[in-house]
Amino acid sequence: MFPVRNWTELRLTISLDRNKIIAKMADSYYDPKDLRKFGKITEWSEELGTKFFDYYGKVFEEGALTAREKSLIALAVSHTEQCPYCIDSYTKDGLQKGITKEEMMEAVHVGAAIKSGATLVHGVMMMNKVNKLDG
């Protein structure tokens, strides 16, 4: 059991622990300053890096989907892929495109539902294997 006497104390403990984790993340793999260095990936492979950025730019041009819709999709995928750089970028991009915090959260929930559903549906593979081995 938690060494906590009530819910308020538990929430405070979790909040303090979360702040410690966030502070610690600054010293971890993900440095927010690295996002600004993304363009430098072309330095070690100019041809492929340039092709990637050409493709990436083309994908986000207006088409059948608006730039706003694409930003919202990118935000949801950023969460399912758990990319802090993308989450940072597409949160800012979405706000600049007028996406509300409610729309952002709903998109994150859509991504989470698809991710969890995809995980669970793969349980059928496990069930098939168990049935085959038990058979």
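The exercises below treat charged side chains in a predicted model.

**Exercise 1. Place lysine 70 and determine which side chain of opposite charge is nearest to it.**

Step 1. Locate the residue. Lysine 70 sits in helix H3, which spans residues 67–80.

Step 2. Check burial and charge pairing. Lysine 70 is buried and has no salt bridge. Glutamate 61 is the nearest side chain of opposite charge, at 7.3 Å. A salt bridge needs the nitrogen and carboxyl oxygen within 4 Å, so this pair does not count.

Step 3. Look for a polar partner. A polar atom of the lysine 70 side chain lies 2.6 Å from the backbone oxygen of valine 59.

Step 4. List the surroundings. With neighbours within four places in sequence left aside, lysine 70 contacts Val59, Phe60, Glu61, Glu62, Gly63 and Leu65.

**Exercise 2. Find the salt-bridge partner of glutamate 61, and classify both residues by exposure.**

Step 1. Identify the partner. Glutamate 61 pairs with lysine 58, with the closest N and O atoms 3.3 Å apart.

Step 2. Classify. Glutamate 61 is partly exposed at 40% relative accessibility. Lysine 58 is exposed, at 56% relative accessible area.

**Exercise 3. How many salt bridges does the whole structure hold? Describe the pairs of glutamate 47 and aspartate 34.**

Step 1. Count. The search finds six.

Step 2. Take glutamate 47. Its partner is lysine 51, closest N and O atoms 3.3 Å apart. Both lie in helix H2 (residues 46–59), four residues apart, about one turn of the helix. Glutamate 47 is exposed at 55% relative accessibility.

Step 3. Take aspartate 34. It bridges to lysine 37, closest N and O atoms 3.2 Å apart. Aspartate 34 is partly exposed, at 28% relative accessible area. Lysine 37 is partly exposed, at 44%.

Methods:
Residues numbered from 1 in each chain as written. Predicted model: local features only at pLDDT ≥ 70, side-chain atom pairs only at ≥ 80, totals over all residues. Heavy atoms only, no water. Helix = DSSP H or I, 4+ residues; strand = E, 2+ residues; numbered from the N terminus. Buried < 20%, exposed > 50% of the residue type's maximum accessible area, 1.4 Å probe, protein only. Lys, Arg positive; Asp, Glu negative; His and termini not counted. Polar contact = N/O pair within 3.5 Å; in protein donor to acceptor, adjacent residues only side chain to side chain. Contact = heavy atoms within 4.5 Å.
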